[in-house]
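User: I'd like to learn how to read aromatic pairs in a model. Can you walk me through it?
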Amino acid sequence: MRIVPALLSSVIVCGLLAIRMATAADGPPAWAYTPNNPDYKPPVDDGKPVRVPESTAGYTWSQLRDRFVAPIWHPSDHGALPDIVANGRKPGVFACGFCHRATGPGGPENADPAGLPKSYIISKWPTTRAGRVVQPSPSEFRQS
């Protein structure tokens with residue numbers, strides 16, 4: 001007789017947990033995506049180069065906003081970048097390094113293309129050019 005209440009309690013707890021998990025998956029966690037400051041004003045380009053610590057490179061704010069320029073803050077850390085990564089191809093192909101960084105690690109807002117198969121990257125060009133970037137499924141990365 002004690003089994004029935006225990007079983008019923010287990011079913012209720014599992015049901016409540018499933019509902020909680022389903023509603024939690026409806027959106028990203030608030031702590032991971034802080035809202036943008038509505039009062040933020042981007043810096044005005046005064047023509048002076050902006051620098052990062054331990055770097056000899058400097059870029060103006062206009063250069064940093066130009067999607068055809070991939071800032072290379074530490075050029076001695078790696079070899080020369082392919083032109084498509086460093087400068088893109090005007091007018092329609094932005095510099096890959098603008099979003100994915102000069103060495104390809106990406107950032108919290110995008111993916112890390114480093115190490116992906118060439119065929120996968122080429123297969124994504126049409127959707128990227130058309131502005132229809134889709135999230136890849138894990139099966140697309142499996143080796144055959």
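User: Let's start with one ring: is Phe68 buried or exposed?

Analyst: Phe68 is buried, at a relative accessible area of 14%. Buried means under 20% relative accessible area, exposed over 50%, and partly exposed in between, with a 1.4 Å probe and protein chains only. Keep in mind that this is a predicted model, where local features need pLDDT of at least 70 and side-chain atom pairs count only at pLDDT 80 or more, while totals for chains, interfaces and linings use all residues. Residues are numbered from 1 along each chain as its sequence is written, and side-chain values use heavy atoms, leaving out hydrogens and water.

User: And how do I describe a ring pair?

Analyst: You give the distance of the centres and the angle of the planes. Ring centres of Phe, Tyr and Trp (its six-membered ring) must lie within 6.5 Å; planes under 30 degrees apart are stacked, over 60 edge-to-face, the rest tilted. The whole structure has two such pairs. Tyr59 and Trp73 sit edge-to-face, 5.0 Å centre to centre with 80° between the planes. Tyr59 is buried, at 13% relative accessibility. Phe68 and Phe94 are also edge-to-face, at 5.3 Å and 65°, and they are 26 residues apart in the chain.

User: What sits over the ring of Phe94?

Analyst: The charged end of Arg67 does, 5.4 Å from the ring centre. The test is NZ of Lys or CZ of Arg within 6 Å of the centre and within 35 degrees of the ring normal. Phe94 itself is partly exposed, at 39% relative accessibility.

Note on methods. Helix = DSSP H or I, 4+ residues; strand = E, 2+ residues; numbered from the N terminus.
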